[in-house]
Amino acid sequence: MAYKTWLSGNFSYGSGFLNGNGPDHLPSYRLLDLAIGKSFGENWSAKLSATNITNKRYFIDLSNTFGGSHFGEPRMIAVQLRYKFHY
């Protein structure tokens, strides 16, 4: 009997984007994303996903060229329950 369980992760590191046209850089950042899922029988599955677990907020751009400062998204957690229909 197979347990049909899986775990997935993603680690990202950014050295910091350029701050304008000069040699300065924005601060570096590290991000961690994790997901775990399980299938139940042939039709049901569940998944729990967490993005930016470290809850690190980092700037992407400080210029006003696109309507203000932009930053990476804060921590987000999502739950998914799926049912697969047979046609």
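This report describes two residues, Lys-38 and Asn-52, and the strands around them in a predicted model.

Strand E2 covers residues 29–40, and Lys-38 lies in it. E2 runs antiparallel to E3, and seven bridges join the two strands. Together E2 and E3 form a hairpin with three residues between them. Gly-41, in the turn, has a positive phi of about 70°. Phe-40 stands opposite Trp-44 of E3.

E3, residues 44–51, is followed by a loop that leads to strand E4 (59–61), and Asn-52 is found in this loop. E3 also pairs with strand E6 (residues 76–83) in the antiparallel sense, over eight bridges. Within that pairing, Ala-50 has Ile-77 in E6 as its bridge partner.

The table sets out the accessibility of the two residues.

| Residue | Relative accessible area | Class |
|---|---|---|
| Lys-38 | 29% | partly exposed |
| Asn-52 | 6% | buried |

Asn-52 is classed as buried because its relative accessibility of 6% falls under the 20% cut-off. Lys-38, at 29%, is partly exposed because its value lies between the limits of 20% and 50%.

Leaving aside neighbours within four places in sequence, Lys-38 is in contact with Tyr-3, Lys-4, Thr-5, Trp-6, Ser-45 and Ala-46. Tyr-3 is 35 residues from Lys-38 along the chain, and the C-alpha atoms of the two are separated by 7.7 Å.

Asn-52, with residues up to four places away in sequence not counted, touches Leu-31, Leu-32, Asp-33, Glu-73, Pro-74 and Arg-75. The side chain of Asn-52 also reaches the backbone oxygen of Glu-73, at 2.6 Å.

Notes:
Residues are numbered from 1 along each chain as its sequence is written. This is a predicted model: local features need pLDDT of at least 70, side-chain atom pairs count only at pLDDT 80 or more; totals for chains, interfaces and linings use all residues. Side-chain values use heavy atoms; hydrogens and water are left out. Helices (H or I, at least four residues) and strands (E, at least two) are DSSP runs, numbered from the N terminus. Buried means under 20% relative accessible area, exposed over 50%, partly exposed in between (1.4 Å probe, protein chains only). Contact means heavy atoms within 4.5 Å. A polar contact is a pair of N or O atoms within 3.5 Å; within protein, one must be able to donate a hydrogen and the other to accept it, and residues adjacent in sequence count only if both atoms are side-chain atoms. Two strands pair if DSSP finds at least two bridges between them.
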